[in-house]
Amino acid sequence: MNDMWNYVPTAGHTRDDDLAGYRVEATDGHIGKVDKHSNDVGSQYLVIDTGVWIFGKEVMLPAGTVSRVDHEKRTIHVSRTKDEIKASPEFDKDRHLGDPAYRDQLGGYYGSGH
């Protein structure tokens, strides 16, 4: 499950990339933009602001869901559908850094192929 929290080597992401503001595309369309992210090895993630798409919900995607980063178009492609992301556990800004159970919940959800 630790691999879920790292970018795949072929994604086109480097540790110094600032992805804030990038558009995020699910396998079936646009889902929002990157609000914040972490480049810490073993704890890499994106927090996506979905805007009105799912009523302003923020979701946290482990970096392992990123299939490709297009820096020229400032777009990130993830290997999940809009429905899979919509059904994901809601981002909890108070728990995401210090609560291993929350991280395990998210990693389990995305790692199970939802």
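**Exercise 1. Is Arg95 buried, partly exposed or exposed, and which residue does Arg95 pair with?**

The structure is a predicted model, in which local features need pLDDT of at least 70, side-chain atom pairs count only at pLDDT 80 or more, and totals for chains, interfaces and linings use all residues. Residues are numbered from 1 along each chain as its sequence is written, and side-chain values use heavy atoms, with hydrogens and water left out.

Step 1. Buried means under 20% relative accessible area, exposed over 50%, and partly exposed in between, with a 1.4 Å probe and protein chains only. Because its relative accessible area is 31%, Arg95 is partly exposed.

Step 2. A salt bridge requires a side-chain nitrogen of Lys or Arg within 4 Å of a carboxyl oxygen of Asp or Glu. Asp99 forms such a bridge with Arg95, the closest N and O atoms being 2.8 Å apart, and Asp99 is itself partly exposed, at 23%.

**Exercise 2. Work out where the buried residues of helix α2 lie around its axis.**

Step 1. Helices (H or I, at least four residues) and strands (E, at least two) are DSSP runs, numbered from the N terminus. At the start of α2, a side-chain oxygen of Asp99 reaches to within 3.0 Å of the backbone nitrogen of Ala101.

Step 2. The expected span of a helix is 1.5 Å times one less than its number of residues. For the 12 residues of α2 (residues 100–111) this should give 16 Å, and the end C-alpha atoms, 15 Å apart, agree with it.

Step 3. The buried residues of α2 are Tyr102, Leu106, Gly107, Tyr109 and Tyr110. They lie on the same side of α2, because they cover an arc of only 160 degrees around the axis, the arc being that of the directions from the helix axis to the C-beta atoms.

Step 4. Contact means heavy atoms within 4.5 Å, and what covers these buried residues includes β4 (58–62) and α1 (82–86).

**Exercise 3. Describe the surroundings of Gln44.**

Step 1. Gln44 lies in the loop between β2 and β3, and at 7% relative accessibility Gln44 counts as buried.

Step 2. Leaving out residues up to four places away in sequence, Gln44 touches Trp5, Asn6, Tyr7, His13, Ser38, Asn39, Pro62 and Ala63.

Step 3. The C-alpha atoms of Gln44 and Arg15 are separated by 9.7 Å, although these residues are 29 residues apart along the chain.

Notes
A polar contact is a pair of N or O atoms within 3.5 Å; within protein, one must be able to donate a hydrogen and the other to accept it, and residues adjacent in sequence count only if both atoms are side-chain atoms.
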